[in-house]
Amino acid sequence: MYVTPGTTVTFDWVSDGHNVLFDQNPGDVSGHEPLEDEGFSFEVTFETTGTYEYYCDPHRSLGMVGTVEVVEQLPTPTPQPAGPPEVPDSAKSLGIASFIAMVSTLGLAFFFTKYGGDYEPPEQ
């Protein structure tokens with residue numbers, strides 16, 4: 001999570017038996033060591049820039065860890081790709097008409113080449 005200096009982050013307990021302790025703590029903020037149960041909230045205001053790594057002591061081995069990055073300016077989010085381009089209906093109609101015209105021309109060319117007829121030179 002990225003925040004700017006002066007931001008207050010609220011830790012809300014949604015189950016029993018948790019705490020918040022800091023490993024890396026450039027601003028010397030205090031965690032909340034006693035275990036608390038569901039419904040408890042704890043707030044921390046981050047004033048100093050840097051990386052704050054926190055964890056829940058009883059559940060650290062289960063991956064209950066996190067990081068707060070305090071930066072002067074929040075990073076610009078990367079825009080998500082818009083997906084494939086949309087083709088307008090008029091372009092689809094033009095494509096279908098062009099396909100029909102090409103098939104018709106090739107069909108007629110084949111027909112005239114195969115069955116074009118025998119022309120005798122005119123008699124004089």
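These exercises walk through a predicted model, each with a worked solution.

Local features need pLDDT of at least 70 and side-chain atom pairs count only at pLDDT 80 or more, while totals for chains, interfaces and linings use all residues. Residues are numbered from 1 along each chain as its sequence is written, and side-chain values use heavy atoms, with hydrogens and water left out.

**Exercise 1. The two annotated spans**

Task: Find which residues UniProt assigns to "domain: Blue (type 1) copper" and to "transmembrane region", and describe the secondary structure of each span.

Solution:
- Start with the record: the unreviewed UniProt entry places the "domain: Blue (type 1) copper" annotation on residues 3-70. UniProt positions are in the numbering used here, feature names are shortened, and annotations may be inferred rather than shown by experiment.
- Next, look at the fold of that span: residues 3-70 are 0% helix and 54% strand, with the end C-alpha atoms 5 Å apart. Helices (H or I, at least four residues) and strands (E, at least two) are DSSP runs, numbered from the N terminus.
- Then turn to the other span: the unreviewed entry lists residues 94-112 as "transmembrane region". Residues 94-112 are 100% helix and 0% strand, and their end C-alpha atoms lie 27 Å apart.

**Exercise 2. The sheet**

Task: Work out the strand order of the open sheet, and say which strands stand at its edges.

Solution:
- Trace the order: 5 strands form the open sheet as E1-E7-E6-E3-E4, with mixed pairing. Two strands pair if DSSP finds at least two bridges between them.
- Pick out the edges: strand E1 (2-3) and strand E4 (32-36) each have a single partner strand, so one side of each has no neighbour in the sheet.
- Check E6 with E7: strand E6 (residues 50-55) and strand E7 (residues 65-70) are antiparallel over 6 bridges. Here Glu53 stands opposite Thr67, and Gly50 stands opposite Val70.
- Check E3 with E6: this pair is also antiparallel, over 3 bridges. Phe22 stands opposite Tyr54 in E6.

**Exercise 3. The nonpolar core**

Task: Identify the residues with the most contacts inside the largest nonpolar core, and the elements that supply it.

Solution:
- Apply the criterion: a nonpolar core is a set of buried Ala, Val, Leu, Ile, Met, Phe, Trp, Tyr and Cys residues joined through side-chain atoms within 4.5 Å. Buried means under 20% relative accessible area, exposed over 50%, and partly exposed in between (1.4 Å probe, protein chains only).
- Read off the result: the largest core has 13 residues, and Phe11, Phe22, Val44, Phe46 and Tyr52 have the most contacts inside it.
- Assign the elements: strand E2 (7-12), strand E3 (18-24), strand E5 (41-46) and E7 each give two or more residues. E5 gives the largest share, 3 residues.
- Zoom in on Val44: leaving out residues up to four places away in sequence, Val44 touches Thr7, Thr8, Val9, Phe11, Phe22, Val29 and Ser30. Contact means heavy atoms within 4.5 Å.

**Exercise 4. The surroundings of His18**

Task: Decide whether His18 is buried or exposed, and list what surrounds His18.

Solution:
- Locate the residue: His18 is found in strand E3.
- Use its accessibility: with a relative accessible area of 9%, His18 is buried.
- List the contacts: beyond its neighbours within four places in sequence, His18 is in contact with Trp13, Pro34, Leu35, Glu36, Cys56, His59 and Met64.
- Add the side-chain pair: His18 and Ser15 share a polar contact of 2.7 Å. A polar contact is a pair of N or O atoms within 3.5 Å; within protein, one must be able to donate a hydrogen and the other to accept it, and residues adjacent in sequence count only if both atoms are side-chain atoms.

**Exercise 5. The salt bridges**

Task: Find how many salt bridges the whole structure holds, and where they sit.

Solution:
- Count them: the search finds 2 salt bridges, each a side-chain nitrogen of Lys or Arg within 4 Å of a carboxyl oxygen of Asp or Glu.
- Place one pair: Arg60 and Asp23 meet at 2.0 Å, N to O. Arg60 lies in the loop between E6 and E7 and Asp23 in strand E3, so the pair ties together parts 37 residues apart in sequence. Arg60 is partly exposed at 36% relative accessibility, and Asp23 is partly exposed at 44%.
- Place the other: Lys92 and Asp89 meet at 4.0 Å, N to O. These residues are 3 apart in helix H1 (residues 89-115), so about one helical turn separates Lys92 and Asp89. Lys92 is partly exposed at 45% relative accessibility, whereas Asp89 is exposed at 58%.
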